[in-house]
Amino acid sequence: MSRKEATTRRGCDDMRMKKTGIAIIVLLCIASSVTYAWFTAGEAKENRFDMGTVNVEILEEFEPIVGVMADVDYEKVVTVKSNGSKKSYVRVKIFPEWSEPSLPASNVQFNLAQNSDWVLHSDGYYYFKYYLLQGQVTSALLNSISLTDLGPEYAGKTLNVKVLAEGVQTTHDAWKEVWGLTELPFEPDAPWHPNP
């Protein structure tokens with residue numbers, strides 16, 4: 001083999017060795033990055049966003065009465081409890097109705113509790129002036145009912161007193177849309193602090 005061929009061959013061998021060396025370095029880089037990826041750690045967390053609830057319950061103390069007489073106070077205590085997780089405003093409407101629909105209910109008198117916690121609005125609802133937290137109960141709205149002017153047309157008839165309670169969240173002025181009000185009939189954002 002001539003000197004020229006030997007030099008060319010050595011040059012080729014050197015090139016192959018350089019290529020092989022570069023290939024090994026590239027493989028080592030790839031291998032090291034793969035190895036690095038295998039030794040990294042990650043963690044995924046699930047963040048739950050549970051929506052709050054508004055839920056009100058009417059609590060009442062009342063025993064059905066037979067043989068009702070005029071001008072006698074019959075106990076019917078009405079309060080409202082918040083069972084939902086959101087701060088809530090509460091309103092209540094009371095509907096007296098005789099079993100004979102043609103009989104007027106104007107002779108039914110509601111004896112309200114002696115407190116200033118409720119406001120009668122022009123829409124016929126009584127609004128509790130404070131927001132309730134979960135588990136809180138309003139002060140009494142109603143203490144008793146009495147009847148006047150029970151003429152013979154009421155004989156054998158039954159009086160039903162229906163109580164409707166509604167709650168709405170305090171945030172985002174939801175009462176505007178839900179209750180159709182432009183303003184509340186009381187100062188908003190006052191917490192309820194019941195007397196022990």
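How much area does the chain expose, and what share of it do carbon and sulfur atoms supply? The chain exposes about 13,700 Å², and 55% of that comes from carbon and sulfur atoms. What you have in front of you is a predicted model, so I will start with confidence and then go to the fold and the charged pairs.

The mean pLDDT over the chain is 82, and 73% of the residues reach at least 70. The low end is helix H1, residues 3–38, with a mean of 51. The high end is strand E6, residues 126–128, at 98. For residues 26–40 the pLDDT is below 50, and this stretch makes zero contacts in the model beyond near neighbours in sequence. I will say nothing further about that stretch.

Now the overall layout. The chain contains two helices and eight strands. Read from the N terminus, the order of elements is α-β-β-β-β-β-β-β-β-α. There are 196 residues, and 27% of them count as buried. Taking the contacts with a separation of 6 or more, 77% are between residues 24 or more positions apart.

Next, the sheet. Four strands make an open sheet, ordered E5-E6-E3-E8, with antiparallel pairing. At the edges sit strand E5 (118–120) and strand E8 (159–169), each of which pairs on one side only. From one strand to the next the twist averages 25 degrees. Strand E3, residues 88–98, pairs with E8 over eleven bridges, in the antiparallel sense. One residue pair to look up on screen is Trp98 and its bridge partner in E8, Leu159.

On to the charges. In general, side chains of opposite charge can pair when their charged atoms come close. How many salt bridges does the structure hold? It holds five, and I will go through some of them.

Arg91 takes part in two that I want to show. With Asp123, the salt bridge is 3.5 Å from N to O. This pair links distant parts of the chain, since Arg91 is in strand E3 and Asp123 is in the loop between E5 and E6, 32 residues apart. With Glu166, the closest N and O atoms of the Arg91 salt bridge are 2.6 Å apart. Because Arg91 lies in strand E3 and Glu166 in strand E8, that pair ties together parts 75 residues apart in sequence. Arg91, Asp123 and Glu166 are thus linked in a network of salt bridges.

Is Arg91 buried or exposed? Its relative accessible area is 7%, so Arg91 is buried, the cut-off for that label being under 20%. Asp123 has 25% relative accessibility and therefore counts as partly exposed.

A further salt bridge joins the side chains of Asp173 and Lys176, at 3.7 Å from N to O. Here Asp173 is partly exposed, with a relative accessible area of 36%, and Lys176 is partly exposed too, at 39%.

One last residue, Ser146. Where is it placed? Ser146 is in strand E7, residues 142–147. With a relative accessible area of 6%, Ser146 is buried. Which residues is Ser146 in contact with, leaving aside its neighbours within four places in sequence? Those contacts are Val72, Asp73, Asn107, Val108, Gln109 and Asn111.

To recap: the sheet runs E5-E6-E3-E8, and Arg91 in strand E3 belongs to a salt-bridge network with Asp123 and Glu166. Confidence is lowest in helix H1. That is the end of my part.

Note on methods. Residues are numbered from 1 along each chain as its sequence is written. This is a predicted model: local features need pLDDT of at least 70, side-chain atom pairs count only at pLDDT 80 or more; totals for chains, interfaces and linings use all residues. Side-chain values use heavy atoms; hydrogens and water are left out. pLDDT is the predictor's confidence in each residue, from 0 to 100. Contact means heavy atoms within 4.5 Å. Two strands pair if DSSP finds at least two bridges between them. Axes are lines fitted to C-alpha atoms, for helices over the stretch in contact, and angles run from 0 to 180 degrees between N-to-C directions. Buried means under 20% relative accessible area, exposed over 50%, partly exposed in between (1.4 Å probe, protein chains only). Accessible areas come from the Shrake-Rupley method with a 1.4 Å probe; for residues, only the protein chains shown count as cover. A salt bridge is a side-chain nitrogen of Lys or Arg within 4 Å of a carboxyl oxygen of Asp or Glu.
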